[in-house]
Structures are given as C-alpha cells and as structure tokens.
Amino acid sequence: MVGLLVGGATRASGTVHAVGSLLAVSLLIGVVRRKPQLALAMALLGSTAVVVGTPDSVHEGLAPSYQGQFLSYLAADLVLGFVVATCARPASIVAVAVSFAVQLLVIGVFAHGDNLTVNVVIALLAMAASCTVGLLSRERREHAVALHSQEVAEAVTAERLRIARELHDMVAHSIGIIAIQAGVGSRVIQTQPAEARKALRAIEATSRETLSGLRRTLVSLRQADLGATASEQSPLAPSPGLADVERLAAATADAGVRVDVRRSGEQRPLPADIDLSAYRIVQEALTNVVRHAGTGRCRVAIDYGNEELSVEVIDDGRGATGNRSAHGFGIIGMRERAGLLHGHLSAGPRPEGGFRVAARLPLPAPIGVSVEAR
C-alpha cells in the first residue's frame, strides 16, 4: 500500500495520501492488538515514507496546499491513541515522545515559511486528540475494573456478615441450652438420676444438631472456595423457617423455659429470606430469655398480615436488669436482619415488667395457598 502511494500516486493530493495511509494501517490490525508498539513503529515508518517519497506533488504545485502533505501521519496518530489506551504508562510516554519527535523532524525538514507553523500546529492537535481519546478509554476501563473490584469486595463483606450472623444465631442458642442443661444435670445427678439423664440427652441432641449445622456451613464455604458448581455440591438441609418454631420451642422447654407459640392471620408460604430472618429473630430472642430473663415461661406471637409479618417474643422476667444489650451482638444482629429486609425491630423492657422483642417485616402480595393453622 505504501509502495502504491509512493510510486503510483505522486501527483495525488495530501488527502488521497492520508486516506491511503489509513487503509494501509487497517492492514496492521492484527499487529496492533498483539504488539501495539511495533505497529506504531511501522505506521510511523510508512507515513514518513509517503511524505518523503512523494515530493513532486508539492514542488510542482499539484497538491492543493502544503497542509495536506503531512495528513498521512493521521494513521500513525490512530495507532498512537491505541498505544496510550492499552499499554503501560512508561511505554505510552515513550511512544508519544518518539511520535512527536519523528513528526516534528519531518515537518521541520519538508515544510517552509508559514506552512511550517500551520503544519506543526495541525500535527500537535492531531496527536493531542488521539492521546486524549486513548487516555479517556484507559480511565474508563480502569474505572470499570475498580467498580468491579469494589462490588466483589462488598459482596465478600456481605457474605461474611451473613455467615457471622448465621453462626452466631446457631451457636449462641445451642450453647446457651447446653450450658443450662449441664448446670441442671450437675445439680441433680446424685439426687435425681433420671433428670440428669434427661439433661444429658438434651445436651447430646442439641450438640449433634449444632455440629451438623456447622458442618453444612463449612462444607458450603469450602465448595464456594473451590468454585464447585451446583451439581457438584452435596445436598444441604433446607434453611429453617417459621414452620420450625415449635421444634425450637421444644428445645427451649428442655432448657427450662416453656414457650407458648401463637399464630394468627392467613398463614402462607413466605420468601426464603423473610422466613429465615423471622426464625432467627425468634431464636435469638428465646436465647436471651433463657440466658437473662430468669423466668420459666414466655410467649411467641406470629401474625401473618396482608402487608407485613409481625413477630413478638414477650417474657415476664427481669426485664432491663437482665443486661441483655450491654454485651454481645444478639439484639444488634436482630435489628440488622430486620433492617436488611426494610423492616423494623424494637427491643426493650415492658412497663408492666419483663422484656419484649417485636419485629415487623414487610411482605409481598400474598402468594400460594393458605395452609391450615396449626
């Protein structure tokens, strides 16, 4: 292509040479993608050959003006913009310096008088435009990479917080029950062996259930780290929900606190996140009752409203003197769960005595078929 321009288009205008140089550069697309610096060197060499090799059109006055003589360097400027957009900054600086020096040298040798200033200005503007486009492309790509990295970091943080909440809710409740049962067993092992055996059985059942849950969590984490696909993962037990509140109440009763569960409203399938969060809130509230209330009974009320799910746990224990919020993260975790679902949680002593935890979680439109109240 350069040979055709030099040998067969000596009398053509600078515009024709510029278009021909752009067509010649289009043949270097494969080289530009793999080795952009080599492509820039070839483009500079070809553009310089076109300018230097066709002087007759200028000297004989056949070209429209001297301003068109150096338009062939537009092809090199396009490659320069790609170098600035894709290569490292030191390599980009070297490429800009070399391109500037070559163009300025050729223009200084082959341009004369007023045309020298005009062509230098045109060359500088073309280089500045190509470099600006390259820089904008680089910054946009780097910004996209930074946004992706930030999204990944936020996703990792959110997942860690979710796992921390799950482990806290699961372990704290189970360890609380185990501690209560161990204390009961140690006190009655001599006088009431049957009660001691019952406490030991409760400890065994609770600890086995907790270990099973921990094992499922750890297996899930390990498979996520190894990038296992869904088909490769071992089947996990379904997440607990409000349907398991009665089983939770039975486990709490074994720890010495009788739980009265009351349900109202049209019971229906709930979204998994709302169902799990409501269960965890009830679980954490019952754990606090066992640990701090100093009472033998409490009440759990679950109301399936049209627009929101209401969960309430009330006891007649020591109330604020139980020091429930001074240490630990139980109430903080419950409030965070409700907040993530755009709900509201209140926890505090009741005027008539005892403690109350109430959560309101917004519900989508009723779906599915209502189930018979238990």
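1. Let's start with R208, which you will find in helix 9, the run of residues 193–225. Keep in mind as you look that this is a predicted model. Is R208 buried or exposed? R208 counts as exposed, because its relative accessibility is 56% and the exposed class begins over 50%. R208 also makes a good exercise in comparing sequence with space: 34 residues separate R208 from S174 along the chain, while their C-alpha atoms are 9.9 Å apart.

2. Now try S130, which sits in helix 8. S130 has a relative accessible area of 10%, so S130 is buried; the cut-off for that class is under 20%. How far apart are the C-alpha atoms of S130 and V79? The distance is 8.5 Å, although the two residues are 51 residues apart along the chain.

3. Next, a look at the empty spaces inside the model. There are four cavities of 30 Å³ or more. The largest cavity holds about 90 Å³ of space. Its lining is made by 12 residues, and those nearest the centre are F70, L71, Y73, I122 and A123. Helix 6 (73–86), helix 7 and helix 8 (114–188) are the elements that each give two or more residues to this lining.

4. Staying with the largest cavity, which element gives the largest share of the lining? Helix 8 does, with four residues. You met helix 8 above as the home of S130. As for chemical character, the lining of the largest cavity has eight nonpolar residues, three polar ones and one charged one.

5. Please also look at the outside of the model. On the surface, F100, L104 and L124 make up a nonpolar patch, and together they have about 230 Å² of accessible area. F100 belongs to helix 7, which covers residues 89–110. The relative accessibility of F100 is 34%, which means that F100 counts as partly exposed. Helix 7 therefore appears twice in this note, because F100 lies in it and because it helps to line the largest cavity.

6. How many salt bridges does the structure hold? The count is eight. One of them joins R262 and D260, with 3.0 Å between the closest N and O atoms. Both partners are partly exposed: R262 has a relative accessibility of 48%, and D260 has 26%.

7. Another salt bridge brings together the side chains of R360 and E308, at 3.8 Å from N to O. Why does this pair tie together separate parts of the chain? R360 is in strand 5 (residues 355–362) and E308 is in strand 3 (residues 308–315), so the parts joined are 52 residues apart in sequence. R360 is partly exposed at 41% relative accessible area, and E308 is partly exposed at 31%.

8. Strands 3 and 5 come up again in the salt bridge between the side chains of E312 and R356, where N and O are 2.6 Å apart. This pair also links distant parts of the chain, since E312 is in strand 3 and R356 is in strand 5, 44 residues apart. E312 is partly exposed, with 21% relative accessible area, and R356 counts as partly exposed at 32%. Elsewhere, R89, R138 and E142 are joined into one network by salt bridges that share partners.

9. One last residue to check is H342. Where is H342? H342 lies in the loop between helix 12 (330–340) and strand 4 (344–349). H342 has a positive phi of about 60°, although it is not a glycine. Why is that worth a second look? Most residues other than glycine have a negative phi. H342 also counts as exposed, because its relative accessibility is 70%.

Conventions
Residues are numbered from 1 along each chain as its sequence is written. This is a predicted model: local features need pLDDT of at least 70, side-chain atom pairs count only at pLDDT 80 or more; totals for chains, interfaces and linings use all residues. Side-chain values use heavy atoms; hydrogens and water are left out. Patches are made of residues with over 30% relative accessible area and no salt bridge: like charges are joined within 9 Å, nonpolar side chains (Val, Leu, Ile, Met, Phe, Trp, Tyr) within 5 Å. Accessible areas come from the Shrake-Rupley method with a 1.4 Å probe; for residues, only the protein chains shown count as cover. A salt bridge is a side-chain nitrogen of Lys or Arg within 4 Å of a carboxyl oxygen of Asp or Glu. Buried means under 20% relative accessible area, exposed over 50%, partly exposed in between (1.4 Å probe, protein chains only). On a 1 Å grid over the protein atoms alone, a cavity is a set of points where a 1.4 Å probe fits but cannot get out, and a pocket is an open set with protein on both sides within 12 Å along at least five of seven lines; lining residues have an atom within 4 Å of a point. Grid points are joined across faces, edges and corners, and a volume is the space filled by probe spheres set on the points. Ala, Val, Leu, Ile, Met, Phe, Trp, Tyr, Cys and Pro count as nonpolar, Asp, Glu, Lys and Arg as charged, and the others, Gly among them, as polar.
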